[in-house]
Structures are given as structure tokens and as C-alpha cells.
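Student: Hi! I've just opened this one and could use some help finding my way around. Can we go through it together?
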Amino acid sequence: MDDTSDIVAVGFGPANLALAIAVEEHNAAAAPEHRLRARFLERQPRFGWHRGMLLADATMQISFLKDLVTLRNPGSRFTFLTYLHERSRLVDFINHKTLFPTRLEFHDYLDWAAAEFADRVEYGATVTDIRPVVAGEQVVALDVVAEGPAGRVVRRARNVVIGTGIEPVLPHGITRSPRVWHSSELLDRLSGPEGRAATAFAVIGAGQSSAEVAAYLHQQVPDSQVHAIFSRYGYSPADDSPFANRVFDPAAVDEFFAAPESVKEKFLHYHGNTNYSVVDVELIEDLYRRVYRERVAGHRRLHIHHLSQVTRVDERGDGVVLRVQAMAGETGHDLAVDVVVCATGYRPMEPDVVLGGVADLCKRTGSGLFRIERDYRITTGDNVHCGIYLQGGTEHSHGLSSSLLSTSAVRAGEIVDSVAAGRKERAGVRS
């Protein structure tokens with residue numbers, strides 16, 4: 001029996017979970033000879049999506065209707081509404097009158113869907129290489145190499161879909177330690193010895209995560225002192241107005257992909273405030289109310305250091321001393337805290353990390369980025385007869401939603417359609 005899969009997907013976060021659903025629904029409608037076989041390799045020991053930031057009151061920034069499947073197939077059994085029905089909360093959710101569930105609830109939805117594919121996911125498997133399988137001068141398949149709990153495994157595929165997600169970014173010169181954290185690990189670190197003992201925190205960053213972390217620590221850690229430090233004058237509101245939100249529509253991907261490079265640059269510049277370094281206005285107003293109330297009461301615990309940057313971090317015994325430099329002048333001061341939380345964002349993980357031996361098969365733009373086709377497949381040479389697809393890391397070719405949940409359902413369907421078309425084409429060649 002041929003053990004070559006049609007798809008081996010690297011990573012099993014929301015993007016490739018949406019892909020698994022798309023494959024499942026394709027197979028349900030396809031003739032037996034056109035069904036796809038897919039496997040998934042995930043380095044985490046179990047399904048998880050930003051577990052360290054599942055703060056009790058934090059809500060999603062997108063509608064629940066932009067779940068894993070609804071925009072592609074509203075009748076699917078994997079919708080958020082079906083999940084609510086199975087959890088016996090559908091009526092309660094309706095009465096809640098919101099489009100934005102908590103992040104905790106949405107994570108439970110993702111976990112619920114992921115459980116359906118447990119027999120197709122190898123957890124704890126870290127992909128270390130992808131190697132071309134050559135026949136003559138033709139690349140006919142790809143071997144995905146991973147290190148897992150049982151040692152090295154090799155999974156052969158006709159197509160690889162890389163969905164390795166994003167990785168935390170710390171400011172230049174700052175490294176993680178038991179007292180210097182990235183926001184992605186907040187809840188885990190807070191339950192550790194340094195976190196439990198901490199009462200003074202510095203939170204670096206001006207985006208949604210930084211505001212959420214500052215609010216959470218201020219509320220959840222009794223009598224804590226929380227110092228929010230950022231280079232902006234104030235938190236900037238996210239533009240989630242209806243017309244601006246259209247940049248996350250599936251149709252916007254088509255327009256962006258077809259646009260000249262100069263237009264793409266303007267597009268990203270104009271609408272960066274829908275996604276980057278911005279905060280929900282309700283949270284901004286909540287933080288401002290807290291600061292004002294404390295000024296009136298004469299007991300300040302939440303401190304805003306605007307137009308400021310951290311120029312030095314020194315760990316000294318049982319604490320950390322930051323040098324906080326005012327950007328509007330030459331003044332600066334030392335700030336002693338127990339813990340520093342860097343809520344300084346993420347960047348897409350470089351596909352090169354896992355592409356290994358097949359990276360040289362991939363074509364690049366003049367800027368060194370991968371050249372991506374509309375179906376999210378990396379452009380390769382004519383001698384490559386298998387597909388390498390990216391879920392994420394395609395903002396330069398597909399726009400702002402390339403790594404976001406907003407278009408994951410549609411994007412996964414487009415990739416499955418492309419893989420299925422390739423399978424039919426190969427079958428036609430053989431016949």
C-alpha cells in the first residue's frame with residue numbers, strides 16, 4: 001500500500017485545524033478515488049492556542065462567525081454555533097447579545113473541533129527537515145522529518161502545508177528569564193514562584209496584549225503596582241469600523257494579490273491600524289478610568305509611562321531594575337520591579353526553519369521573500385511535481401489577513417481545492 005499522504009501539514013494550530021475540516025468535508029462529497037489523505041505534525045504535546053493569554057475577561061477581536069468554517073460552509077457540523085449547541089449554551093449565548101466570545105470560550109471551541117482529528121495528528125513531533133524525493137531529475141514527493149516522543153519519524157507527502165504560526169518577539173537587548181517574560185507565557189509564569197511573589201510589574205508595549213496584561217495584573221494581583229511603558233503618547237484605538245474591517249474580507253485577498261507592489265505598500269500602510277499596535281477602545285477607556293479614579297483617591301497603582309522606552313534591564317537578586325528613558329527629553333529614571341512582561345508582539349515563524357532541504361526549490365522575490373501563488377503555493381521549478389503551501393507568512397502577497405483567523409476557513413478551502421485539482425491532474429496524466 002502506498003503510504004504517501006496527499007497532505008502532510010506542519011503545525012496544528014487554528015489554520016491547519018481549519019484545513020483538517022476542509023479536507024474532511026471535501027472527502028465527504030468526493031468520489032472515493034478523489035478523496036484526500038492528510039496527516040498533521042504538531043510540536044506541542046496537545047492542542048493549544050495562546051494558552052498563556054487565556055485571560056478570564058479577554059474577548060475575541062473578531063466575530064464568532066469568522067470561526068473555522070462558517071465563511072466557507074455555514075452548514076458545517078464544525079461551526080461555533082454547533083459547538084455551543086453541543087455544550088448546551090446556545091440559548092444563553094444568544095441572550096448574551098454579543099458577536100465576541102471570550103478568548104477562553106473560543107479556545108474551548110477550537111479544542112472541541114481538534115478532538116475530532118486526534119487520530120490524524122502526531123503531537124509532540126517537531127519537524128526538523130523536509131527533503132525532496134527525486135526520480136531522475138524530477139521531484140515527485142516530499143519527506144517530512146520530525147523528532148517525536150518515539151524518536152525520528154518520516155512522513156512522505158505529495159503536498160506540504162506549513163502552518164507554524166507566529167513566534168514571540170522581545171525588544172532588542174532583552175532576553176527571557178524567570179523574571180523577564182513574554183506576554184505569551186503570562187499565566188504559566190504567574191503561577192510560578194517568581195510570579196506568585198511579585199507585586200510590582202512593568203509591562204512593555206502599546207498593543208492589545210500589553211493593555212490586557214496591564215489590566216489583568218492591576219485587577220488580579222492585590223495591591224500590585226503596574227507600570228505600563230510604551231513609546232506612543234497613549235494607547236491607539238483599533239479601527240474596527242465597518243468599512244475598515246473589509247480589509248479582512250475574503251474578497252480583499254483577491255484585490256490585494258492582483259495589486260501592483262506600490263499599491264500593496266500603501267494598503268498595508270493605510271490599514272495597519274486595524275491590526276498592529278492598537279487596542280480596543282473599550283479597554284483604553286477602562287484603563288483611563290482606573291488611572292483617573294486612583295488619582296482622585298490619592299492611591300496610585302497603575303502608572304502610565306508614555307513616550308518612554310526601556311534602554312537597560314538589570315536583574316539584581318530578587319528583582320529587576322529598568323532604565324526608563326523619556327523620549328521627549330534627556331531625562332530618565334530607574335524603575336525597580338519584581339517582574340517585566342514584554343507584550344511586544346509576534347512575528348511569523350520563518351518557513352525556512354522547517355523547509356530544510358527543499359528551500360532551494362522555492363523561488364523568491366527580489367526582496368528575498370517567497371514567491372507565492374494565489375492558492376498559497378510557493379512557486380517552484382517545473383521539475384517539482386508536489387506542492388509547498390504556506391498558511392501565514394504571506395502578508396506581502398495576500399495582505400493583512402494572511403495569518404489571521406478572519407480568512408482561515410476560506411483559505412483552507414482554497415488550499416484543499418488546489419491539492420484536489422493537482423491530484424486529479426496527476427490521475428489524468430497516469431490514465
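Tutor: Happy to: we'll talk through some strands, two sheets and a helix, keeping in mind that this is a predicted model.

Student: Let's start with β7. Are its residues buried or exposed?

Tutor: Buried, on both faces. Strand β7 covers residues 159-162, with N159 and V161 on one side and V160 and I162 on the other.

Student: Why do the residues split between two sides like that?

Tutor: Because side chains in a regular strand alternate between the two faces of the sheet.

Student: OK, and which way does β1 run when it pairs with β7?

Tutor: Parallel, over 3 bridges. Strand β1 is residues 7-10, and its A9 stands opposite V161 in β7.

Student: What about β18, how many bridges join it to β7?

Tutor: There are 4, and those two strands also run parallel. You'll find β18 at residues 387-390; look for I388 there, which sits opposite V160.

Student: New topic. Which strands make up the open sheet with parallel pairing?

Tutor: That sheet has 5 strands, in the order β9-β16-β10-β11-β12.

Student: Where are its edges?

Tutor: At β9 (180-182) and β12 (302-305). Each has a single partner strand, so one side of each has no neighbour in the sheet. From one strand to the next, the twist averages 20 degrees.

Student: And how is β12 joined to β11?

Tutor: Through 4 bridges, with the strands running parallel. Strand β11 spans residues 225-229, and A228 faces I304 of β12 across that pairing.

Student: I see a helix there too. What does α7 lie across?

Tutor: Helix α7, residues 208-220, lies across β10 (200-204), β11, β12 and β16 (339-342). Its direction is at about 170 degrees to β10.

Student: Cool. Now the other sheet: what order do β13, β14 and β15 come in, and is the pairing parallel or antiparallel?

Tutor: The order is β13-β14-β15, and this open sheet of 3 strands is antiparallel. Its edge strands are β13 (308-316) and β15 (332-337), each pairing on one side only. Here the twist averages 25 degrees from one strand to the next.

Student: How many bridges are there between β13 and β14?

Tutor: There are 8 of them. Strand β14 covers residues 319-326, and if you want a pair to click on, E315 stands opposite V320 in β14.

Student: Great, thanks!

Terms used
Residues numbered from 1 in each chain as written. Predicted model: local features only at pLDDT ≥ 70, side-chain atom pairs only at ≥ 80, totals over all residues. Heavy atoms only, no water. Buried < 20%, exposed > 50% of the residue type's maximum accessible area, 1.4 Å probe, protein only. Pairing = 2+ DSSP bridges. Axes fitted to C-alpha atoms, helices over the stretch in contact; angles between N-to-C directions. Contact = heavy atoms within 4.5 Å.
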